[in-house]
Amino acid sequence: MNIGVCKLELRLPENQSLKGKRRVIKSIITRLRNEYNVSVAEIDNQGLWQLATLGITCVSNHRRHADETLSNVVRFVAQSYPDVELVSSEVETFPAF
């Protein structure tokens, strides 16, 4: 069993309130869960209007599959949300046992 972990730092330059941020982040989280069957949570910068940090995880029998899934997640966010700037992404996969 392999666990893939991804950290995405996002910037929402057009956002003017926490309510607007929640709307965008909730949309991203829901679409990622539905499209890629991954676990997603906002893990940092909850109180800031224009910054968000998402933690994304997946579990797979094969390391390559976990890497591909998380790479596709990063690409999906970058392409599907042009109004959201992808500041940084980190992906790591490691054996669980």
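Where is asparagine 37 found? In this predicted model, asparagine 37 lies in the loop that links helix H1 to strand S2, the latter covering 39-44. The backbone at asparagine 37 has a positive phi of about 55°, although the residue is not a glycine. Asparagine 37 is also exposed, because its relative accessible area of 72% lies over the 50% cut-off for that class.

A positive phi at a residue that is not a glycine occurs at asparagine 45 as well, where the value is about 60°. Asparagine 45 is placed in the loop between S2 and strand S3, with S3 formed by 51-60.

The loops just described belong to a chain of two helices and four strands. Read from the N terminus, the order of these elements is β-α-β-β-α-β. The C-alpha trace spans about 45 × 25 × 20 Å along the principal axes of the chain. The radius of gyration is 13 Å, and for 97 residues a compact globule would have a value near 13 Å, so the chain agrees with that expectation. Of the 97 residues, 35% are buried. Among the contacts with a separation of 6 or more, 73% are accounted for by residues 24 or more positions apart.

The packing of the two helices was examined next. Helix H1 is made up of residues 18-36 and helix H2 of residues 63-80. Their axes come within 11 Å and cross at roughly 140°. H1 is therefore oblique to H2, since an angle has to be over 145 degrees to count as roughly antiparallel. The crossing in which H1 passes H2 is right-handed.

On the H1 side, the contact is made by Ile28, Arg31, Leu32, Glu35 and Tyr36. On the H2 side, Thr69, Asn72, Val73, Phe76, Val77 and Ser80 take part. By class, the residues of this contact comprise six that are nonpolar, three that are polar and two that are charged. The nonpolar residues include Ile28 and Leu32 of H1 together with Val73, Phe76 and Val77 of H2. Tyr36 of H1 also counts as nonpolar. The polar residues are Thr69, Asn72 and Ser80, which belong to H2. The charged residues, Arg31 and Glu35, belong to H1.

Notes:
Residues are numbered from 1 along each chain as its sequence is written. This is a predicted model: local features need pLDDT of at least 70, side-chain atom pairs count only at pLDDT 80 or more; totals for chains, interfaces and linings use all residues. Side-chain values use heavy atoms; hydrogens and water are left out. Axes are lines fitted to C-alpha atoms, for helices over the stretch in contact, and angles run from 0 to 180 degrees between N-to-C directions. Angles under 35 degrees count as roughly parallel, over 145 as roughly antiparallel, 65 to 115 as roughly perpendicular and the rest as oblique. A crossing is left-handed if the near helix is turned anticlockwise from the far one by less than a right angle, and right-handed if clockwise. Contact means heavy atoms within 4.5 Å. Buried means under 20% relative accessible area, exposed over 50%, partly exposed in between (1.4 Å probe, protein chains only). The radius of gyration is taken over C-alpha atoms; the globule rule is 2.2 Å times the number of residues to the power 0.38.
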